[in-house]
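Student: I would like to take a careful look at one part of this model and then follow how it relates to the rest. Could you go slowly and give the reasoning at each step?

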Amino acid sequence: MNTKQHIGLLLLRISIAFTMLIYGISKLNFGIEYINGLLEQYGLPTFLGYGVFVGEFIAPILIIIGYRTKLAGLAFAINCFVAILMDRLPDVLSLNDHGGWSIGLIFIYMMFGIAMFFMGAGKYALSTNNKWD
């Protein structure tokens, strides 16, 4: 991979992971009651709701700094997939008010996490020598 591709990968890591990090920060401030409600609705234990902090707070930070990026990307993608299943499944075949796919943003986040899992952080990262980088 050439230097321009590594810079492009760095820009993607920072921009997309940062936008997800904002969601995680908001959940730190406002709580996860909504997620716990969904878990109860599906008959799942509410302690699983704290997994959202892994996917929306810890994983984005790791992706941004480039530490264990493949592992963080996997957690990021799983978090998004579970969000689609639990909250957005009825919207999979619908459009929003502006004509875009209703789950477009969360789908992009999920695909980004999968891409990070396969590609890793690239050259400009805190760690590059581990199999999970």
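What is the relative accessible area of Tyr42, and is this residue buried, partly exposed or exposed?

Tutor: Before we turn to Tyr42, please keep in mind that this is a predicted model, so we should begin with its confidence: the protein averages a pLDDT of 94, and 100% of the residues score at least 70. Confidence is lowest in helix α2, which covers residues 33–41, and even there the mean is 90, while it is highest in helix α5, residues 104–119, at 97. The caution behind this check is that predicted coordinates should not be read in detail where pLDDT is low.

Tyr42 itself belongs to the loop between α2 and α3. Its relative accessible area is 44%, and because a residue is called buried under 20% and exposed over 50%, Tyr42 is partly exposed. To place Tyr42 against a distant part of the chain, we can take Ile108, which is 66 residues away in sequence, and find that the two C-alpha atoms are separated by 25 Å.

On the other side of this loop we can move into helix α3, where Ala59 is found. Ala59 has a relative accessible area of 2%, and it is therefore buried. Its C-alpha atom is separated by 12 Å from that of Ile14, although the two residues are 45 apart along the chain. Helix α3 also holds Glu56, whose side chain meets that of Lys27 in a salt bridge, with 2.8 Å from N to O. Since Glu56 lies in helix α3 (residues 51–65) and Lys27 in helix α1, the pair ties together parts that are 29 residues apart in sequence. Both Glu56 and Lys27 are buried. As a general point, side chains of opposite charge can pair when their charged atoms come close.

Lys27 leads us to helix α1, so let us see what can be said about that helix as a whole. Helix α1 has 28 residues, 3–30, and at 1.5 Å a residue it should span 40 Å; its end C-alpha atoms are 41 Å apart, so the expectation and the model agree. The helix nevertheless has a kink of about 25°, centred on Phe18. Its buried residues include Leu9, Ile16, Ala17, Met20 and Leu21, and the charged residues Arg13 and Lys27 are also among them.

A search of the whole structure finds three salt bridges, and a second one joins the side chains of Arg68 and Asp133, at 3.2 Å from N to O. Arg68 lies in the loop between α3 and α4 (69–88), and Asp133 lies in the segment after α5, so this pair ties together parts that are 65 residues apart in sequence. The two partners are not covered alike: Arg68 counts as partly exposed because its relative accessibility is 22%, whereas Asp133, at 9%, is buried. Arg68 has a further feature in its backbone, since its phi is near 50°, a positive value in a residue other than glycine. Lys131 is also placed in the segment after α5, and its C-alpha atom is separated by 8.2 Å from that of Arg68, with their positions 63 residues apart along the chain. At 65% relative accessibility, Lys131 counts as exposed.

The remaining salt bridge is formed by the side chains of Arg88 and Asp91, again with 3.2 Å from N to O. Arg88 is partly exposed, at 24%, and Asp91, at 26%, is partly exposed as well.

Finally, we can look at helix α4, which holds Phe76. With a relative accessible area of 0%, Phe76 is buried, and its C-alpha atom is separated by 14 Å from that of Ile22, a residue 54 positions away along the chain. A nonpolar surface patch of about 660 Å² is made by Leu71, Leu74, Ile78, Phe81, Val82, Leu85, Leu89 and Trp132. Trp132 is found in the segment after α5, and because its relative accessibility is 31%, it counts as partly exposed. To return to your question, Tyr42 is partly exposed as well, with a relative accessible area of 44%.

Key: Residues numbered from 1 in each chain as written. Predicted model: local features only at pLDDT ≥ 70, side-chain atom pairs only at ≥ 80, totals over all residues. Heavy atoms only, no water. pLDDT = per-residue confidence, 0-100. Helix = DSSP H or I, 4+ residues; strand = E, 2+ residues; numbered from the N terminus. Patch = residues over 30% accessible without salt bridge, like charges linked within 9 Å, V, L, I, M, F, W, Y side chains within 5 Å. Areas by Shrake-Rupley, 256 points an atom, 1.4 Å probe, with all protein chains shown as cover. Salt bridge = Lys/Arg side-chain N within 4 Å of Asp/Glu carboxyl O. Buried < 20%, exposed > 50% of the residue type's maximum accessible area, 1.4 Å probe, protein only. Expected span 1.5 Å × (residues − 1). Bend = angle between axes of the 7 residues up to and from the residue.
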